[in-house]
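Morning, everyone. Here is the structure for today's slot, so let me put it on the screen.

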Amino acid sequence: MDVKDRSLFSLSWPLILTFAVGMFQPMMDSWFLSRTSEVAAAGVGAMIPILAALFTAIQAFSQSGASIASQYIGANQNSHAGSTQTMVIFGSLLLGLALSMVVFPLSNQIPLWMGLKDEPAEYGRQFLVVVSFGFAFRALQSTLTALIATHGITVWNFIGNLLTIASNAILNIIFLEGYFGIPKMGVYGVALATALSWFIASVILWLVLRFKVKHITHRRDFIRSRVLISDWLRIGLPAAAEPISFQLFQVFITAMVVFVGTTAMTARVFAGNFAALSVILSVGFGSGNQILVGHLVGAHDFAKANRRAYQTLSIGVVSGLLIAVAVALAGPQLIGLFTDNPEVIRLGCICLWCDVAVQPFKAVNLIITTSLRAAGDSKFPAFVGSGMMWTLGVASALILAFVLDLGLVGLWLGMACDEFYRSIANMWRWRSGRWKTKAVV
């Protein structure tokens, strides 16, 4: 059966589990660090938006390349699809190496730019110094995951990432507890475990691409890349700009939280870990939908692509809202796993209830943006979405937090306002049908 004829669920359930496993890694790192020091967990947690911005750029480029490959597969141009895959693999690897060369020299300054001082700043520096050496493997992991999913064998992504998270947990225990004669490494150990888990993931996923997908690199791939790269950049650069802008917006919010205080920063890190659970189904179904839309656009079946997008949107909005409510109800118990500080628990629980208002609009943005990107229409969410984020979104957050004196809660509600504004714009773009003219094939 062709990928474009598969059901949304058959493609998406392994992606949902894969994303859930991936979400578990920063939560697990926070838990291990909190056993050592809440300050260490908060300091490293404040670095997550920076890393997320970098990894989102890599992932956006990877998914854009995978969407181009999807369109070629949908059009039965498998040779061009293979050349696209080679181009994306080598391009993302170079991007990962470039990011390493940027972040490592700045590892002392980045925590200070985030507003951290003293112990939290030192813990953030320690984490960045080590983890930056693994960026190339993180880039390779993202790319291989996207390419394997494009071929519809999404279950292998789940298996590979499950083995990866297991190795990360084992390495965390070894490095933090000092087993096998290794000295206890603290934050350095958590960072090293993370980098090594990325390496393990890239090896496993490369074997899947080579032997299950049967991808072989040919000399003609590098010749064709001169032509293909223009489409990749046309779609990939705007596709990367929008999520990077979003992650930088998160960096801005984090910096404002640091300004509010250490208690607020700790509550935001712990609540943010659990709030991320609410988007698991939206991201999983959205990724499955992106594969389907890419294949259907390649086959010029626009009506079916449109139906798929709306079907996924309904599922994503309802599931995101239900999970957000469940997480908020269990908030005291969940955050209590990380801390016994009553003020941190109280603030974190309020934020989880605020997150209930975020989820429906976040689902719209996740699913419609990936649908537009799969169709080759990535400029609109990049420019219009980013513009709204840094005007209306920032203004809403600052007014709620500091003018109305709501602090951390105001900043979280500001994020909800940003998602609402952009969801209206993205829905208008999809309903306009202009994405039908942006296909590569």
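I'll go through the cores, the salt bridges, the cysteines, two residues of one helix, and a surface patch.

One caveat before we start. This is a predicted model.

Let's begin inside. The largest nonpolar core has 76 residues. Which residues have the most contacts inside it? They are Leu116, Phe127, Phe135, Ile253, Ile335, Leu352 and Trp412. Helix H15, residues 342–374, gives this core its largest share, 9 residues. Another core lies apart from it, with 15 residues. Among them are Ala305, Val364, Ile367 and Ala374.

Take Ile253 from the big list. Set aside its neighbours within four places in sequence. Then Ile253 is in contact with Arg268, Ala397, Leu411 and Met415.

Next, charges. Side chains of opposite charge can pair when their charged atoms come close. How many salt bridges does the structure hold? The count is 6. I'll walk through some of them.

Start with Arg346 and Glu343. Their side chains meet in a salt bridge, 2.8 Å from N to O. Both sit in helix H15, 3 residues apart, which means a separation of about one helical turn. Are these two buried or partly exposed? Arg346 has 43% relative accessibility, so it counts as partly exposed. Glu343 has 34%, so Glu343 counts as partly exposed too.

Now a pair with a longer reach in sequence: Asp377 and Arg429 are 52 residues apart. They form a salt bridge, and their closest N and O atoms are 2.9 Å apart. Asp377 lies in the loop between H15 and helix H16, which spans 379–403. Arg429 is in helix H17, residues 407–432. So the pair ties together parts of the chain that are 52 residues apart in sequence. What about cover? Asp377 is buried, because its relative accessible area is 2%, and the cut-off for buried is under 20%. Arg429 is at 9% relative accessibility, so it counts as buried as well.

Third pair: Arg422 and Asp418. Their side chains meet in a salt bridge at 3.0 Å, N to O. Both lie in helix H17. They are 4 residues apart, about one turn of the helix. Arg422 is buried, and so is Asp418. This pair has company. Salt bridges that share partners join Lys362, Asp418, Glu419 and Arg422 into one network.

Stay with Glu419 for a moment. Glu419 is in helix H17. It has 4% relative accessibility, so it counts as buried. What does Glu419 contact, leaving aside neighbours within four places in sequence? The list is Phe246, Val358, Phe361, Lys362 and Asn365. Lys362 turns up here as a contact, and Lys362 is also a member of the network.

Now Ser423, also placed in helix H17. Ser423 is buried, with a relative accessible area of 6%. Not counting residues up to four places away in sequence, Ser423 touches Phe361, Val364 and Asn365. Phe361 and Asn365 are on the contact list of Glu419 too. Val364 belongs to the core of 15 residues. One distance to note: Ser423 and Arg138 are 285 residues apart in sequence, and 30 Å apart in space, C-alpha to C-alpha.

On to the cysteines. How many disulfides does the structure hold? The count is 0. Why does Cys349 have no bond? The closest cysteine sulfur, in Cys351, is 9.3 Å from the sulfur of Cys349, and that is too far for a bond. Cys417 is a similar story. The closest cysteine sulfur to that of Cys417 is in Cys354, 11 Å away, again too far for a bond. As for cover, Cys349 is at 12% relative accessibility and counts as buried. Cys417 is partly exposed, with a relative accessible area of 22%.

Last stop, the surface. Six side chains are worth finding on screen: Phe9, Trp13, Leu17, Val155, Ile159 and Leu163. They form a nonpolar patch, with about 510 Å² of accessible area together. Which helices each supply at least two residues of the patch? Helix H1, 8–36, and helix H8, 154–177. Leu163 is found in helix H8. At 47% relative accessibility, Leu163 counts as partly exposed.

That's my tour. Questions, please.

Key. Residues are numbered from 1 along each chain as its sequence is written. This is a predicted model: local features need pLDDT of at least 70, side-chain atom pairs count only at pLDDT 80 or more; totals for chains, interfaces and linings use all residues. Side-chain values use heavy atoms; hydrogens and water are left out. Patches are made of residues with over 30% relative accessible area and no salt bridge: like charges are joined within 9 Å, nonpolar side chains (Val, Leu, Ile, Met, Phe, Trp, Tyr) within 5 Å. Accessible areas come from the Shrake-Rupley method with a 1.4 Å probe; for residues, only the protein chains shown count as cover. A salt bridge is a side-chain nitrogen of Lys or Arg within 4 Å of a carboxyl oxygen of Asp or Glu. Buried means under 20% relative accessible area, exposed over 50%, partly exposed in between (1.4 Å probe, protein chains only). A nonpolar core is a set of buried Ala, Val, Leu, Ile, Met, Phe, Trp, Tyr and Cys residues joined through side-chain atoms within 4.5 Å. Contact means heavy atoms within 4.5 Å. A disulfide is a pair of cysteine sulfur atoms within 2.5 Å.
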